[in-house]
Amino acid sequence: MYKIAVLPGDGIGVEIVPEAIKTLEAIGKKYGHSFDFQDALIGGAAIDAVGVPLPDETLSLCLESQAVLLGAIGGPKWENIAVELRPEVGALLPLRKKLGLYGNLRPAFLFPDLIDASSLKKEIIEGVDILVVRELTGGLYFGEKKRFVNEQGEVASDLCEYSTVEIERICRLAFERARKRRKHLTSVDKANVLETSRLWRDVVSRLGKEYPDVELEHMYVDNCAMQLVRNPRQFDVIVTENLFGDILTDEASMLTGSIGMLPSASIGGTVGMYEPSHGSAPDIAGQKKANPLATILSAAMMMDYSFDLDQEARDVEQAVRQVLAEGYRTPDLYKQGDKLVNTEEMGDLVARKIGEGK
Ligand code: NAD
Ligand code: IPM
Ligand code: MN
């Protein structure tokens, strides 16, 4: 019995999460696991229902579960309310912090059948398989924020702070992942300008001596943004701070065909949280157009990282691979000649594929 807190959230969150649950149920049926899903409110949905974006019951449910499955939060409806109430600042960031989720793993893997779905050339993206390890509970996101008025008028500031301990634990996690992969780690920073980046570089270099089998490279973030689209195959594991990781992973998602393909696992505490890397996509919400695969693949990461169910995780990935090989595509991946399906149909196809492999 695995207890999972389910937080659908806002926008397409409520459309994609049920598809990941279908996937987990198919896995449960096939392998004899039972998943106990408990729903809770978060984000705009929680504001509308109870007036706060992260109700206490939601936090306690997460803390007493073995894993959290999150859809997405936020949207135009809640953009102009008091900042501490907004879904992003009032719910997602404190939830990550309170669960101790300092490590966000975002794999940008190109399923071979999606080679034509990307906006980038085939020969550039063929074979792309990158793991971005993003620091998730530090940096600019969590530093002191200020607004004040001086003689020049209104001024705002966000403090960027990183401690050695924070840098060490995320880089250690990245070295460990690199060890299990192609043993190449790119640490991305802006050490030519930022003091936090200079500390980052010192710490990761020192740590590198403990991992002589992993080749460590340093790269400035601006160069990295360019290299990701110039020659993405040069990357195996990338480790970087919170904001750089946020931006680089949205960019990296296009190497896989769509942001709807980029899953994520947030780990480091006792309870892991699994969520697609994209947001609530207000422009397509409620239209059954959302690609549920990033969420389904996040559920596969839950199998791996929270439950140690390796075979089950590979099974989900294999089902996704087969459904794509058969030509089924949600609108974000669709081109002429493909079989166009909606969110629900895509989820059904993956669940059925898992069942067939019985
Ligand atoms: P977004 O990721 O929601 O959408 C960007 C674009 O990608 C849109 O055109 C959208 O339609 C498309 N897209 C995203 N996911 C898709 C999917 N699964 N299938 C098909 N197309 C998809 O980013 P945004 O528009 O900048 O942000 C919208 C809201 O989401 C904001 O409130 C933002 O703060 C929030 N957000 C939340 C999370 C999260 O909950 N983890 C992550 C990012 C953004
Ligand atoms: C993400 C999102 C969040 C982030 C926002 C919604 C706070 O963009 O998970 O990538 O910046 O971490
Ligand atoms: Mn983001």
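In this predicted model, the shell around ligand 1 is made up of nine nonpolar, seven polar and four charged residues. Of these 20 residues, the nearest to ligand 1 are Glu88, Gly279, Ala281, Asp283 and Asn291. Backbone atoms take part in several of the polar contacts with this ligand: a backbone N or O atom of Ala281 is found 2.8 Å from an oxygen atom of ligand 1, and a backbone N or O atom of Ile73 is 2.9 Å from an oxygen atom of the ligand. A polar backbone atom of Asn291 lies 2.9 Å from a nitrogen atom of ligand 1. On its own, ligand 1 has 810 Å² of accessible area, of which the protein covers 71%.

Ligand 2 is surrounded by Glu88, Leu92, Leu93, Arg96, Arg106, Arg134, Tyr141, Asp246 and Ser277. By class, this shell holds five charged, three nonpolar and one polar residue. Helix α4, which spans residues 87-98, is the element that gives the most to the shell, with four residues. At the level of domains, domain 1 (1-102 + 262-358) and domain 2 (118-256) each supply at least three residues to the surroundings of ligand 2.

Three arginine side chains make polar contacts with oxygen atoms of ligand 2. An N or O atom in the side chain of Arg96 is 2.7 Å from an oxygen atom of the ligand, and the corresponding distance for Arg134 is 2.8 Å. For Arg106, a polar side-chain atom lies 3.0 Å from an oxygen atom of ligand 2. Taken alone, ligand 2 exposes 320 Å², and the protein buries 78% of that area.

Glu88 belongs to the shells of both ligands, being listed around ligand 2 and among the nearest residues to ligand 1.

Notes: Residues numbered from 1 in each chain as written. Chains lettered and ligands numbered in written order. Predicted model: local features only at pLDDT ≥ 70, side-chain atom pairs only at ≥ 80, totals over all residues. Heavy atoms only, no water. Near = heavy atom within 4 Å. Polar contact = N/O pair within 3.5 Å; in protein donor to acceptor, adjacent residues only side chain to side chain. Areas by Shrake-Rupley, 256 points an atom, 1.4 Å probe, with all protein chains shown as cover. Helix = DSSP H or I, 4+ residues; strand = E, 2+ residues; numbered from the N terminus. Nonpolar A, V, L, I, M, F, W, Y, C, P; charged D, E, K, R; others polar. Domains from an automatic or database assignment.
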